[in-house]
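Biologist: Got a minute to walk through this one with me? Put it on screen and I'll start asking.

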Amino acid sequence: MPKSKYDENDCQYMTKKTLKIEGMMCENCSAKVHDALCKIDGVTSVTADHRKGTAVVESDIDIADETLLMAVIDAGFKGRVKKGLFK
């Protein structure tokens with residue numbers, strides 16, 4: 001049987017969470033949230049958008065919702081993790 005090109009050891013597992021952030025009014029606010037979330041171990045990408053009031057966090061480990069929310073609070077904002085399907 002030929003060896004598959006797929007090797008499960010090569011897979012990188014990523015998680016993606018969307019946070020709803022209250023109080024982001026400008027680019028500086030987005031930058032504060034972005035920087036706070038980027039400091040968390042395991043975070044590989046953050047996209048904070050003050051116009052949408054969201055931050056999308058990608059990580060290579062599962063980060064507790066509370067950890068993400070504490071970073072948002074420490075940056076001076078309120079937030080919650082979005083659950084389910086959102087437009």
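**Sheet first, then core**

Modeller: Quick caveats: this is a predicted model, where local features need pLDDT of at least 70, side-chain atom pairs count only at pLDDT 80 or more, and totals for chains, interfaces and linings use all residues. Residues are numbered from 1 along each chain as its sequence is written, and side-chain values use heavy atoms, with hydrogens and water left out.

Biologist: In what order do the 4 strands of the open sheet sit?

Modeller: Strands here are DSSP runs of E, at least two residues, and helices are H or I runs of at least four, numbered from the N terminus. Two strands pair if DSSP finds at least two bridges between them. The pairing is antiparallel, and the order is 2-3-1-4.

Biologist: Which are the edge strands?

Modeller: Look for strands that pair on one side only. Those are strand 2 and strand 4 (78-81).

Biologist: What stands opposite Lys17 in strand 3?

Modeller: Strand 1 and strand 3 run antiparallel, joined by 6 bridges. Opposite Lys17 in strand 3 is Val57.

Biologist: Which helix gives the most to the largest nonpolar core?

Modeller: Such a core is a set of buried Ala, Val, Leu, Ile, Met, Phe, Trp, Tyr and Cys residues joined through side-chain atoms within 4.5 Å; buried means under 20% relative accessible area with a 1.4 Å probe, protein chains only. This one has 19 residues, and Leu19, Ile21, Leu37 and Phe77 touch the most other members. Strand 1 (15-22), strand 2 (43-49), strand 3 (54-59) and helix 2 (65-74) are among the elements that each supply at least two. With 4 residues, the top giver is helix 1.

Notes:
Buried < 20%, exposed > 50% of the residue type's maximum accessible area, 1.4 Å probe, protein only.
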